[in-house]
Amino acid sequence: TTHCTRPLCSPQGARVAMLYADKRAVEQNLRMSLLRIRERELRFYTDNCAAIGTQAALIASFAWYGLIMVVIPEQSNTTLKTAYLCMSTTAMGLELVAVVNSTLCSMLGPGLALRGPDGSMH
């Protein structure tokens, strides 16, 4: 009879190999769970950016209509007219900046987070 001298041939070695296999399986399951959590987190941030963009577009349209639809009487104070037009224009411009930024974050953010270096998703 030949006797096997390899460590895995003994019952003790087989148990150790099973423990390592179980450990690898548990680690893999943990990695998969973390990836699912990170995917949900990424989707959450992307949806929030899209919601911010939608709200900013709506408010920018209100500012636009405030500029073109409001009739300012000729006899009103010039300072008030200037302040109204400057504030409406500033509000519309900042809302459009928010729309552009949220759109870029929604479109480019997921790809950059997934392809970025380790820790990009933290």
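In this predicted model, residues 24 or more positions apart account for 64% of the contacts with a separation of 6 or more. The chain contains two helices and zero strands. Helix α1 covers residues 11–68. Helix α2 covers residues 78–115.

Burial was examined next. Of the 122 residues of the chain, 13% count as buried. The chain exposes about 9900 Å². Carbon and sulfur atoms supply 67% of that area.

Ser106 is one residue of helix α2. Its relative accessible area is 18%, so Ser106 is buried: the cut-off for that class is under 20%. Neighbours within four places in sequence were set aside for the contact search. Ser106 is then in contact with Thr46, Cys49 and Ala50.

Helix α2 also holds Val100. At 48% relative accessibility, Val100 counts as partly exposed, because this class lies between 20% and 50%. Val100 contributes to a nonpolar surface patch. The other members of the patch are Leu104, Met107, Leu108 and Leu112. Together, the five side chains make a patch of about 510 Å².

The cysteines were then considered. A search of the whole structure finds zero disulfides. Cys49 is in no disulfide; its nearest cysteine sulfur belongs to Cys105 and is 4.7 Å away. A disulfide requires two cysteine sulfur atoms within 2.5 Å, so the 4.7 Å between Cys49 and Cys105 does not qualify. Cys105 likewise is in no disulfide, and the nearest cysteine sulfur to Cys105 is that of Cys49. Cys105 has a relative accessibility of 44% and therefore counts as partly exposed. Cys49 appears again among the contacts of Ser106.

Charged side chains were examined last. Side chains of opposite charge can pair when their charged atoms come close. The structure holds one salt bridge. Arg43 and Glu39 form this pair through their side chains, with 3.3 Å from N to O. The cut-off for a salt bridge is within 4 Å, so the 3.3 Å between Arg43 and Glu39 qualifies. Both residues lie in helix α1. Arg43 and Glu39 are four residues apart, about one turn of the helix. Arg43 has 44% relative accessibility and so counts as partly exposed. Glu39 is also partly exposed, with a relative accessible area of 45%.

Definitions and conventions:
Residues numbered from 1 in each chain as written. Predicted model: local features only at pLDDT ≥ 70, side-chain atom pairs only at ≥ 80, totals over all residues. Heavy atoms only, no water. Buried < 20%, exposed > 50% of the residue type's maximum accessible area, 1.4 Å probe, protein only. Contact = heavy atoms within 4.5 Å. Areas by Shrake-Rupley, 256 points an atom, 1.4 Å probe, with all protein chains shown as cover. Patch = residues over 30% accessible without salt bridge, like charges linked within 9 Å, V, L, I, M, F, W, Y side chains within 5 Å.
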